[in-house]
Structure formats: structure tokens, C-alpha cells
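Got the structure open in your viewer? Here is a short tour, one selection at a time.

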Amino acid sequence: MPHRTGPTNSELKALIDELKQAGYKGNKFLARLGKELDKATRNRREVSLARINRTAKEGEMVVVPGKVLDGRLEKKLTIAAWRFSAQARESVKNSGGKIMSISELMKSGKAARIIG
């Protein structure tokens, strides 16, 4: 019986390849993101907004190599992640924050901190 060897989502595979290529060019941060996203779905990070609220500073840009779940968010943050729950999207917007994909983060060239 063959074992699954990684993500099956074609968009995620393409993103992981992009991140790894950036890693080969010397960007260790993006290489680490690629490694985190290459994990099996059950091993990928799921982080609540409440945890992000506790650990991030006002105005900070953070990245979650997995899914962001709903919770209480009282800070204006920019959050990049692979996936967001619908409630988390709404909570970030209501707090005055911004959500973005990891691809958008790569293109922006801005510094972020991994949370999770």
C-alpha cells in the first residue's frame, strides 16, 4: 500500500515549490515556511486569533503556516496564512487588520514573524 508523500492540493504544491526555490536562493525564512506547509494536513498548524492576539504586537505582520481559526482579536494586525476560517476573516477585518495569502506576503517582501 503506497504512502501519501505530501500535499495533494495543486495550489499548495505550487506555493511550496515557490517557497523552496526562494530558500535555495538564500531566504531561510521562506524555506522554513515551505517546510511547514509540506507537512501532512493533520500536522499543519491551526492557530486561533486569541493566541495571535496574546503573542503579536500592535501593527505587526505575522504568518501562520496553516489555518487561522476564530477567536478574540483586539489588535490591528496583518496576518498571512494558507487558510482562514470564515469567522477569522471577519474578526480580522472587524479589528481593522488585514489578511493576505502567503503568496502575497512573498511578493510584498515585507518581514513577518511565524506564529503557531
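Start by selecting Ala81 and Ser101: Ser101, in β4, is the bridge partner of Ala81. What you have loaded is a predicted model. Now widen the selection to residues 78-84, which form strand β3, and residues 98-101, which form β4; the two strands pair in the parallel sense, with 4 bridges between them. Next, add helix α4, residues 86-94, to the view. Together, β3, α4 and β4 make up a β-α-β unit, and its hand is right-handed.

**Zooming out**

Before the next close-up, colour the whole chain by secondary structure. You should find 5 helices and 5 strands. Read from the N terminus, their order is α-α-β-α-β-β-α-β-α-β. If you draw the C-alpha trace alone, its spans along the principal axes are about 45 × 35 × 20 Å. How does the radius of gyration of the protein compare with that of a compact globule? The protein has 14 Å, and this agrees with the value near 13 Å for a compact globule of 116 residues. Switch on a surface and you are looking at about 7100 Å² of accessible area, 47% of it from carbon and sulfur atoms. Of the 116 residues, 41% count as buried. Among contacts with a separation of 6 or more, 39% are between residues 24 or more positions apart.

**Helix α1 and its surroundings**

Select Ile16, which sits in helix α1, residues 10-24. Is Ile16 buried or exposed? With a relative accessible area of 3%, Ile16 is buried, because the cut-off for that class is under 20%. Show its surroundings, setting aside neighbours within four places in sequence, and you will see contacts with Pro7, Gly34, Leu37 and Asp38. Try a distance label from Ile16 to Asp38: their C-alpha atoms are 6.7 Å apart, although 22 residues separate them along the chain.

Stay with Asp38 and bring up the side chain of Lys20. These two meet in a salt bridge, with 3.2 Å from N to O. The pair joins distant parts of the chain, since Asp38 belongs to the loop between α2 and β1 while Lys20 is in helix α1, 18 residues away. Both ends are partly exposed: Asp38 has a relative accessible area of 29%, and Lys20 has 30%.

**More charged pairs**

In general, side chains of opposite charge can pair when their charged atoms come close. The count for this model is 5 salt bridges. For another one, select Arg113 and Glu60, whose closest N and O atoms are 2.9 Å apart. Here the link runs from strand β5, home of Arg113, to the loop between α3 and β2, where Glu60 lies, and the two are 53 residues apart. Arg113 is partly exposed, at 32% relative accessible area.

Now move to Arg72 and Glu74, where the salt bridge is 2.7 Å from N to O. Arg72 is exposed, with 61% relative accessibility.

**Last stop: Glu36**

Finally, select Glu36, Lys39 and Arg45, which salt bridges with shared partners join into one network. Glu36 is placed in helix α2, residues 28-37. How accessible is Glu36? Its relative accessible area is 10%, so Glu36 counts as buried. Beyond residues up to four places away in sequence, Glu36 touches Arg44, Arg45 and Pro65.

Terms used. Residues numbered from 1 in each chain as written. Predicted model: local features only at pLDDT ≥ 70, side-chain atom pairs only at ≥ 80, totals over all residues. Heavy atoms only, no water. Pairing = 2+ DSSP bridges. Right-handed = clockwise from strand over helix to strand, strands pointing away. Buried < 20%, exposed > 50% of the residue type's maximum accessible area, 1.4 Å probe, protein only. Contact = heavy atoms within 4.5 Å. Salt bridge = Lys/Arg side-chain N within 4 Å of Asp/Glu carboxyl O. Rg over C-alpha atoms; globule rule 2.2 N^0.38 Å. Areas by Shrake-Rupley, 256 points an atom, 1.4 Å probe, with all protein chains shown as cover.
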